[in-house]
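Grab a pencil and work through these exercises with the model open beside you. Try each task on your own before you read its solution.

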Amino acid sequence: MTEDERTERERIAELRTPGRKWVFGQLQGWNCALCAARLYADRPICTVEVDYGSVTETYQLYVCAPSCETARAACEAARAAQRPAPPDGDRPVIRAPRRRTGA
């Protein structure tokens with residue numbers, strides 16, 4: 001068994017811990033089941049059963065692809081590229097809100 005397979009099995013065991021608290025987006029497949037980041041590229045990891053008293057729901061969980069660390073680094077790089085460069089100096093320009101004219 002390789003190191004990646006062992007780590008993957010440990011992660012699945014951690015996800016299936018009874019009584020674990022879930023964020024709604026994690027159960028719906030919008031957020032990573034491990035790091036709770038928004039998913040843009042994902043891969044299924046396992047299914048879990050969540051007990052709501054008399055009802056038990058089964059959910060397919062998804063995680064970042066290829067990994068949480070790689071996905072987070074790519075996301076931060078993309079955000080940094082989208083930020084506009086500050087004008088003259090380091091202070092950002094703060095603009096006053098527009099005033100509404102009569103209705």
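**Exercise 1. In which strand does Cys 46 lie? Work out its surroundings too.**

Before we start, some ground rules. This is a predicted model, in which local features need pLDDT of at least 70 and side-chain atom pairs count only at pLDDT 80 or more, while totals for chains, interfaces and linings use all residues. Residues are numbered from 1 along each chain as its sequence is written, and side-chain values use heavy atoms, with hydrogens and water left out.

Step 1. Cys 46 sits in strand 1. Strands here are DSSP runs of E with at least two residues, helices are runs of H or I with at least four, and both are numbered from the N terminus.

Step 2. Look at the relative accessible area: under 20% is buried, over 50% is exposed, and in between is partly exposed (1.4 Å probe, protein chains only). Cys 46 has 7%, so it counts as buried.

Step 3. Now list the contacts, meaning heavy atoms within 4.5 Å. Once neighbours within four places in sequence are set aside, Cys 46 touches Ile 12, Leu 15, Arg 16, Tyr 59, Gln 60 and Leu 61.

Step 4. Check some distances. Leu 15 is 31 residues from Cys 46 in sequence, yet their C-alpha atoms are 8.5 Å apart. For Ala 13 and Cys 46, the sequence gap is 33 residues and the C-alpha distance 9.8 Å. Ala 13 belongs to helix 1 (residues 3–15) and, at 49% relative accessibility, is partly exposed.

**Exercise 2. Sketch the order of the elements in the protein.**

Step 1. Count them: there are three helices and two strands.

Step 2. Put them in order from the N terminus, and you get α-α-β-β-α.

Step 3. Add some overall numbers. The protein has 103 residues, and 20% of them count as buried. If you take contacts between residues at least 6 apart in sequence, 39% join residues at least 24 apart.

**Exercise 3. Describe the loop residue Asn 31 and the residues around it.**

Step 1. Locate Asn 31: it is in the loop between helix 2 (24–28) and strand 1 (42–51). Asn 31 counts as buried because its relative accessible area is 17%.

Step 2. Follow its side chain, which reaches the backbone oxygen of Ala 36 at 3.1 Å. That's a polar contact: a pair of N or O atoms within 3.5 Å, where within protein one must be able to donate a hydrogen and the other to accept it, and residues adjacent in sequence count only if both atoms are side-chain atoms.

Step 3. Beyond its neighbours within four places in sequence, Asn 31 has contacts that include Gly 25, Gln 26, Ala 36 and Tyr 62.

Step 4. Turn to Ala 36, which lies in the loop between helix 2 and strand 1. Ala 36 has a positive phi of about 65 degrees, although it is not a glycine. Most residues other than glycine have a negative phi. With 35% relative accessibility, Ala 36 is partly exposed.

Step 5. Finish with Gln 26, a residue of helix 2. Gln 26 is buried, at 4% relative accessibility. A polar atom of its side chain lies 3.1 Å from the backbone oxygen of Cys 32.

**Exercise 4. Which residues line the second largest pocket?**

Step 1. Name the lining: Leu 15, Arg 16, Thr 17, Pro 18, Gly 19, Arg 20, Trp 22, Val 48, Glu 49, Val 50 and Asp 51.

Step 2. Sort them by class, and you find five nonpolar, two polar and four charged residues. Strand 1 gives the most to this lining, with four residues.

Step 3. Zoom in on Asp 51, which is part of strand 1. At 53% relative accessible area, Asp 51 is exposed. Its side chain has a polar atom 3.4 Å from the backbone nitrogen of Gly 53. Asp 51 and Gly 19 are 32 residues apart along the chain, with their C-alpha atoms separated by 8.8 Å.

**Exercise 5. Place Pro 66, and say whether it is buried or exposed.**

Step 1. Pro 66 is found in the loop between strand 2 (56–64) and helix 3 (68–82).

Step 2. Its relative accessible area is 56%, so Pro 66 is exposed.

Step 3. Ala 41 is 25 residues from Pro 66 along the chain, and their C-alpha atoms are separated by 8.0 Å.

Definitions and conventions: 1 Å grid on protein atoms, 1.4 Å probe; cavity = no way out; pocket = protein on both sides within 12 Å on 5 of 7 lines; lining within 4 Å. Nonpolar A, V, L, I, M, F, W, Y, C, P; charged D, E, K, R; others polar.
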